[in-house]
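Biologist: Please take a close look at a single part of this chain and explain how it is built. I would also like to know how its surroundings are held together.

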Amino acid sequence: GGYAGAGVPEAVAVRVAAGDTLFGALDITEMAQATQRPVPIVAGVYFSLAGRLGLGWLRDRVGALPADSHWQMLAKGAMRDELAQLQRAVAVSALGNGGGDAPAALIDMWAARNAATLGRAERMLAELRALPSLDLAMLSVALRELRGLA
């Protein structure tokens, strides 16, 4: 995975990846209770939307930012927190749609309802992906654009 590819020892990479999954599991459980939807449906929406929006890619880009100072470390932490909040909020928004429990259908309804904002976000993310490197300002703007989807 991304951690092992970055030179992190395998045992450490596995523990970090498991921690990321644990946080996702807690979010999914809370969202299932709040939306009264089954855990597998919530998980399907949560992870599918993250993939569609490239949240994992953004998380990796935030992780790649320099952390040479205390303030840079705080900024990176805040951006990671914001990405987690965004993933939860977008999933809850999609789960709030009526009609059925199929994750793909819920996501399609959410995408149709947010077509203009989603289109802008997808174009911006495609532009960012084409760049050789990203900085804090670029990622801040990306997160701000994505917030409109929640």
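Modeller: The chain has 8 helices and 0 strands, so that its pattern along the sequence reads α-α-α-α-α-α-α-α. This is a predicted model, and every value that follows is computed from it. Of the 150 residues in the chain, buried ones make up 35%.

The part I have chosen is helix α3, which covers residues 39–53. Its length can be checked first. At 1.5 Å a residue, the 15 residues of α3 should span 21 Å, and the C-alpha atoms at its ends are indeed 21 Å apart, which agrees with the expected value. The expectation is taken as 1.5 Å times one less than the number of residues. Just after the helix comes glycine 54, with a positive phi near 70°.

The next point is burial. The buried residues of α3 are Ile41, Val42, Ala43, Gly44, Val45, Tyr46, Leu49, Ala50 and Leu53. As general background, an α-helix has 3.6 residues a turn, so residues three or four places apart point the same way. Buried residues of α3 that may be read with this in mind include Tyr46, Leu49, Ala50 and Leu53.

Tyrosine 46 also takes part in a ring contact. With 6.5 Å between ring centres as the limit for a pair, the count is 1 aromatic pair. Its members are tyrosine 46 and phenylalanine 47, arranged edge-to-face, with 5.0 Å from centre to centre and 85° between the planes. The angle is over 60 degrees, which means that it meets the criterion for edge-to-face. The two partners differ in their exposure: tyrosine 46 has 4% relative accessibility and counts as buried because this is under 20%, whereas phenylalanine 47, at 48%, is partly exposed.

Helix α3 also carries a charged contact. The structure holds 4 salt bridges, and one of them joins arginine 52 to glutamate 122, with 3.5 Å between the closest N and O atoms. Arginine 52 belongs to α3 and glutamate 122 to helix α7 (residues 115–129), so this pair ties together parts that are 70 residues apart in sequence. Both ends are partly exposed, with a relative accessibility of 38% for arginine 52 and 34% for glutamate 122.

From α7, the connections can be followed further. Arginine 120 forms a salt bridge with glutamate 145, at 3.2 Å from N to O. This pair links distant parts of the chain, with arginine 120 in α7 and glutamate 145 in helix α8, 25 residues apart. Arginine 120 is partly exposed at 41% relative accessibility, and glutamate 145 is likewise partly exposed at 23%.

Helix α8 (residues 136–147) has a further link of this kind. Arginine 147 and glutamate 82 meet through their side chains in a salt bridge of 2.4 Å, N to O. Since glutamate 82 lies in α5 and arginine 147 in α8, the pair ties together parts that are 65 residues apart in sequence. Arginine 147 is partly exposed, with a relative accessible area of 41%.

Helix α5 spans residues 70–95 and includes aspartate 81. Aspartate 81 is partly exposed at 49% relative accessible area. From C-alpha to C-alpha, aspartate 81 is 9.9 Å from arginine 59, and the two are 22 residues apart in sequence.

Lysine 76 is also in α5, and it is a charged residue without a charged partner. It is buried yet has no salt bridge, and aspartate 68, the nearest side chain of opposite charge, is 8.6 Å away. A salt bridge would require a nitrogen and a carboxyl oxygen within 4 Å. The side chain of lysine 76 does, however, place a polar atom 2.8 Å from the backbone oxygen of leucine 65.

Two contacts remain to be described. Arginine 129 lies over the face of tryptophan 57, at 4.5 Å from the ring centre. Asparagine 114 sits in the loop between α6 (103–113) and α7. With a relative accessibility of 14%, asparagine 114 counts as buried, and a polar atom of its side chain lies 2.9 Å from the backbone oxygen of tryptophan 110.

To return to the part in question, α3 combines a set of buried residues with an edge-to-face pair of tyrosine 46 and phenylalanine 47 and a salt bridge from arginine 52 to glutamate 122.

Key
Residues are numbered from 1 along each chain as its sequence is written. This is a predicted model: local features need pLDDT of at least 70, side-chain atom pairs count only at pLDDT 80 or more; totals for chains, interfaces and linings use all residues. Side-chain values use heavy atoms; hydrogens and water are left out. Rings of Phe, Tyr and Trp (its six-membered ring) pair if their centres lie within 6.5 Å; planes under 30 degrees apart count as stacked, over 60 as edge-to-face and the rest as tilted. Buried means under 20% relative accessible area, exposed over 50%, partly exposed in between (1.4 Å probe, protein chains only). A charge sits over a ring if NZ of Lys or CZ of Arg is within 6 Å of the ring centre and within 35 degrees of the ring normal. Helices (H or I, at least four residues) and strands (E, at least two) are DSSP runs, numbered from the N terminus. Lys and Arg count as positive and Asp and Glu as negative; His and the chain ends are not counted. A polar contact is a pair of N or O atoms within 3.5 Å; within protein, one must be able to donate a hydrogen and the other to accept it, and residues adjacent in sequence count only if both atoms are side-chain atoms.
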